[in-house]
Amino acid sequence: MKKNISFGKFLPGDSFVHNLDPRIKLIVSFLIFFTVFFVKKWFCFFMMIFLVLFLMKLSRIPMKTYFKSIKPIIIMAFVASVINIIFEFQSRMMLHNNIKFDFFKNSTVMFFRILVLALSGTLISFTTSPQNISFSLEKIMTPFKYIGINVQELSLTMTISLRFLPILFEEANKIIVSQASRGAEFKSKNIFKKIKAYSNILVPLFIYAFKKADFLAESMESRCYDINSKRTRFKNPSLTKSDVLFAGLMILMSIGVIVCDLTINF
């Protein structure tokens, strides 16, 4: 855990991606999520990775910042892929099947899917403020209010959850530094000692999270916040021609990737 973890934080900027309408950015991220789960061909995966890297470049945020923020996710995805390969190989050996090494491809595909999803999600959080994310979610989910779903409450809950991520990471870092000064072996080469050391941060972290949530609830109540009342906004993002053109281009690219995945053989 590093002191400068930026996972889930909003990094203000004046790039093309920062200035896009937040609704367009969320819609594009949903398109990327759908497309990356649909495609299975290597060429199409590389197209999706190139697309996400291109958008990251347009955001003018250093690539190092992106990959540093999702480093834990990359490690977990890699470990999950390796475990999947081991268990798949073992199960096929036990069943005396003809061993085909297609499970290597399946595990690698799983790893790249998680990587693309993590990068695109980080791109949204880095370039969109929590207020704009809440506004976008509320607008996109507006049709659900006609079937009895409280869209405003749902969008607020999701926004607060996203906002809590960097706060929890910072608090976890403080707990790790505090316990390391008391002799906790976070850098031990013994994997069991390392797991034990990291497991000891869970209880104080949960206590902090509950206290923070309780404080937030009391703050909202003291300000007479009513989730069901009609609310106005200081700023209402509006669509521009560049937003519409960008959304149309992304839709066409997603359709092209899906068609490509259905027609090519590699």
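The following exercises, each with a worked solution, concern a predicted model of a protein.

**Exercise 1. Overall architecture**

Determine the secondary structure content of the protein and the order of its elements.

*Solution.* Step one is to count the elements: the protein has 11 helices and zero strands. Step two is to read them from the N terminus on, which gives the run α-α-α-α-α-α-α-α-α-α-α. Step three turns to burial: 35% of the 266 residues count as buried. Step four considers contacts with a separation of 6 or more, of which 77% join residues 24 or more positions apart.

**Exercise 2. The nonpolar cores**

Identify the largest nonpolar core, the helices that supply it, and a further core apart from it.

*Solution.* First, establish the size of the largest nonpolar core, which is 32 residues. Those with the most contacts inside this core are Ile32, Tyr66, Leu119 and Phe246. Second, assign the core to elements: H2, helix H3 (42-58), H6 and helix H11 (241-263) each supply at least two of its residues. Third, take Leu119 and set aside its neighbours within four places in sequence; the contacts of Leu119 are then Val52, Met56, Tyr66, Phe67 and Ile70. Fourth, note that another core lies apart from the largest one and has seven residues, including Ala172, Ile175, Ile176 and Phe186. As a general background, nonpolar side chains in soluble globular proteins tend to be buried together.

**Exercise 3. The internal cavity**

Describe the largest cavity by its volume, its lining and the character of its lining residues.

*Solution.* The count of cavities of 30 Å³ or more comes to one. The volume of the largest cavity is about 90 Å³. Its lining is formed by Val17, Leu20, Lys25, Val28, Ser29, Ile32, Leu55, Ser120, Leu123, Ile124, Thr127 and Phe246. Mapping this lining onto the elements shows that helix H2 (22-38) and helix H6 (102-127) are those that give two or more residues. Sorting the lining residues by character yields eight nonpolar, three polar and one charged. Two of the lining residues, Ile32 and Phe246, are also among those with the most contacts inside the largest nonpolar core.

**Exercise 4. Cys44 and Cys260**

Explain why Cys44 is not in a disulfide, and state whether Cys44 and Cys260 are buried or exposed.

*Solution.* Begin with the total: the protein has zero disulfides. Next, locate the cysteine sulfur closest to that of Cys44; it belongs to Cys260 and lies 4.0 Å away. A disulfide requires the two sulfur atoms to be within 2.5 Å, so the separation of 4.0 Å is too far for a bond. Cys260 is likewise in no disulfide. Finally, consider accessibility: Cys44 is buried, with a relative accessible area of 0%, and Cys260 also counts as buried, at 14%.

**Exercise 5. Long-range neighbours near the C-terminal end of the sequence**

Place Gly248 and Ile264 in the structure and find a residue distant in sequence to which each can be related.

*Solution.* Start with Gly248, which lies in helix H11 and is partly exposed, with a relative accessible area of 28%. The C-alpha atoms of Gly248 and Val28 are separated by 9.7 Å, although these residues are 220 residues apart along the chain. Proceed to Ile264, which lies in the segment after H11. Ile264 is buried, with a relative accessible area of 16%, below the 20% limit that defines burial. From C-alpha to C-alpha, Ile264 and Phe43 are 8.7 Å apart, while 221 residues separate them in sequence. Leaving aside neighbours within four places in sequence, Ile264 is in contact with Lys41, Phe43 and Cys44.

How values were computed: Residues numbered from 1 in each chain as written. Predicted model: local features only at pLDDT ≥ 70, side-chain atom pairs only at ≥ 80, totals over all residues. Heavy atoms only, no water. 1 Å grid on protein atoms, 1.4 Å probe; cavity = no way out; pocket = protein on both sides within 12 Å on 5 of 7 lines; lining within 4 Å. Points joined across faces, edges and corners; volume = space filled by probe spheres on them. Helix = DSSP H or I, 4+ residues; strand = E, 2+ residues; numbered from the N terminus. Nonpolar A, V, L, I, M, F, W, Y, C, P; charged D, E, K, R; others polar. Core = buried A, V, L, I, M, F, W, Y, C linked by side-chain atoms within 4.5 Å. Buried < 20%, exposed > 50% of the residue type's maximum accessible area, 1.4 Å probe, protein only. Contact = heavy atoms within 4.5 Å.
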